Amino acid sequence: MKKLFLLFTVTLIWCCKEEKAMPTLAETMKTYTIGQMMDNEAIGGGSFSPDNSKLLISSNRSGIYNMYTIGLDTGEMMPITASDSSSVFAISYFPKDERMLFRMDGNGDEIFHIYIRESDGSHRDLTPTEGARASFYGWAEDDKSFFYTSNSRNPRNDDIYEMDLETLTPTLIYENTEGYSIDGIADNKKYITLGKPINTNDSDLFIYSLEDKKMAQINENQSANNGSDFSPDGSSFYYTTDDGAEFAYMMRYDIESGAKEKVMEKSWDIWGTYFTEQGTYQVTYINEDAKNVIEVKDVATGKNIDLPSFENMDITNVGFSEDETLMRFYAGGSHTPSNLYIYDLSSKEQQKLTDVLNEEIQAEDLVNAEVIRYKSFDDLEIPAIYYKPHQATEENPVPALVWVHGGPGGQSRQNFSAFIQYMVNHGYAILAVNNRGSSGYGKTFYQMDDLNHGDKDLKDCVEGKNWLAAQPEIDGEKIGIIGGSYGGYMTMAALTYTPEEFDVGVNLFGVTNWVRTLKSIPPWWESFKDALYKELGDPHSADSVRLKAISPLFHTDKVTKPLIVLQGAQDPRVLQVESDEIVAGVRKNGVPVEYVLFDDEGHGFVKKENQITAYSKVLEFLDLHLKKEEVTPIKDGGI
């Protein structure tokens, strides 16, 4: 009996010691500076060199995006460009040599030009027309030219050009006088596909023969129709449509007969499909509950190949070498930035080429988001993505923010955001709402905010706040709202039209005067302008009365809660004057207002130095006005 008692006592002591030796993640996690969080590297692209020895990528490791190569054997990254002003984004290696294409704009003005980097390291602008923007559209089948669009002839319309690789001289192959959007160009130079937006959801789709100059409309009914790719033999064309359905499915159109066939349907939107260079594989992207799902089909067998799998991560993007022996892919999640991998399609071996998470950050300290759904004021189910801080408990409730995406018609997705993780790491819960009008949840849901912005979509955000306040780990008396572009508009609408619902507002380059914004949209949006007017209203018509009524600029006297505004001076979509005037108007109320302006940024901040400044200013603001703490100004990437 004594032995049993002794054993029980020892076991009890051991268990107690074990409990003490196992602190919670909230007790062990580190709090990171904005400098540490922004030192995570962001990479993109991945064009194989002709000999399959390297990949051409873009990376912001220098502080802004530059072009690099990465060796497949060594994983060593070599800088190719060293811009310290405008970001450089890699497009592709040339098909048969190591010349490269890349694109740059002017500090965020979105007027992109296409550049060549020669084998000797020199580079020049291939599309030098001042004020005109160009977009790469792919290589010709014979690898002797590439296609691109440019609005150099008419700022309102994109024409299609072919650039000869020997002479580097362009030839106009399609003059776009009717304001179509360019959906695609056949590798064999025989056809192009064109779109004509009807509204922000629906568009007509056409196929145009460059040989006989004939145009055929593919869709029969009003619906969302978007071109994807031509079949490898050029006989058919693949496109997505939501004709008669809530979600987009995939169709095949026979060019000679005009016959159409449904080839794939999912319970979510199919975003698009493409064929690899030799036609061996067909890659399809599906938008499944705010994350990418990718299927790669072996065309010969009609079966999907097995892709690598990862715990708590998804493959977000894939690309193939020209000989189709290798696949590069990105894998990541809401809690980790995406890394680049190489995959041998024959041996099934994979190799991780990058490790973009800052080595000073413990991966377990970052938060994996959770998809939740809540009921809005009218019982409509609203999807949202919830980031709960590790330190949030019923005993330690934390402040929170409702995050609103851009758009209108955008979608908060399950992607990594250093900004969100920074705020969550510092004890702020984030609920990224996909209010009515967001894409990805069916066309009925998508069109629910047409001509109704600042009303029911705003009420969805308020109900998101109410959902947060009902969670035991949230301090319901400390909930703010944050968003960029359209999300910035929603921030200002919330502070203006529901002034007592949110405790603070963070407005990143948000629209505040819809009449002015809709009148000043960039000329290259011409093909989309009428569709945008149908969703939001025509500022040149009687709609201007309603647009003024929903524009926060004209109702700043209603704002009573602290506000911070961040803006890029080169922004072509939401002009700087939008932020200048909202700041001046709210300051007249005696409300605390902070304004952060970047001379060298556009619609969103891409330079690390500016991101560090912007996000640290936001955290200072939140700590002072939402947590109501004493704040020490953050310097040099500090707290």
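A residue is taken as buried when its relative accessible area is under 20%. The structure described here is a predicted model, and this cut-off underlies the assignments given below for individual helices and residues.

The protein contains 12 helices and 36 strands. Its radius of gyration is 26 Å, close to the 26 Å given by the globule rule for 639 residues, so the protein is as compact as a globular protein of that length. Along the principal axes, the C-alpha atoms occupy a box of roughly 90 × 75 × 50 Å. Buried positions account for 56% of the 639 residues. When contacts between residues at least 6 apart in sequence are considered, 52% of them connect residues at least 24 apart.

The exposed surface of the protein amounts to about 27,500 Å², of which 48% is supplied by carbon and sulfur atoms. With regard to charge, 58 side chains are positive and 101 are negative. The centres of these two sets are 3 Å apart.

Two helices were examined individually. Helix α6 spans residues 456-469 and comprises 14 residues. From its first C-alpha to its last it reaches 20 Å, close to the 20 Å expected at 1.5 Å a residue. Within α6, the buried residues are D457, L458, D460, C461, V462, G464, K465, W467 and L468; charged residues, including D457, D460 and K465, thus appear in this list beside hydrophobic ones such as L458 and V462. The cover over the buried residues of α6 includes strands β29 (370-375), β30 (381-387), β31 (398-404), β32 (429-433) and β33 (474-484). Helix α7 (486-497) also contributes to that cover.

Helix α7 has 12 residues, and the distance from its first C-alpha to its last is 16 Å, close to the 16 Å expected at 1.5 Å a residue. Of these 12 residues, 11 are buried, so α7 is largely enclosed by the rest of the structure. The buried set consists of Y486, G487, G488, Y489, M490, T491, M492, A493, A494, L495 and T496.

F445 belongs to helix α5, which covers residues 443-446. Because its relative accessible area is 7%, under the 20% cut-off, F445 counts as buried. Beyond its neighbours within four places in sequence, F445 is in contact with L380, E381, I382 and P383, and with N434, N435, R436, G437 and S438. One of these partners, E381, lies in β30 (381-387), a strand that also helps to cover the buried residues of α6. The C-alpha atom of F445 is separated by 35 Å from that of S257, a residue 188 positions away along the chain.

Several loop positions show particular backbone geometry. G407 and P408 are joined by a cis peptide bond, with omega of about -5°. P408 is located in the loop between β31 and α4 (418-425), and β31 is among the elements covering the buried residues of α6. Positive phi values occur in residues other than glycine at two further sites. For N312, phi is near 60°, and this residue is found in the loop between β24 (303-304) and β25 (314-320). For F509, phi is near 40°. F509 is placed in the loop between β34 (505-508) and α8 (514-519), and its relative accessibility is 11%, so it counts as buried.

Note on methods. Residues are numbered from 1 along each chain as its sequence is written. This is a predicted model: local features need pLDDT of at least 70, side-chain atom pairs count only at pLDDT 80 or more; totals for chains, interfaces and linings use all residues. Side-chain values use heavy atoms; hydrogens and water are left out. Helices (H or I, at least four residues) and strands (E, at least two) are DSSP runs, numbered from the N terminus. The radius of gyration is taken over C-alpha atoms; the globule rule is 2.2 Å times the number of residues to the power 0.38. Buried means under 20% relative accessible area, exposed over 50%, partly exposed in between (1.4 Å probe, protein chains only). Contact means heavy atoms within 4.5 Å. Accessible areas come from the Shrake-Rupley method with a 1.4 Å probe; for residues, only the protein chains shown count as cover. Lys and Arg count as positive and Asp and Glu as negative; His and the chain ends are not counted. The place of a charge is taken as NZ of Lys, CZ of Arg, CG of Asp or CD of Glu. The expected span of a helix is 1.5 Å times one less than its number of residues.
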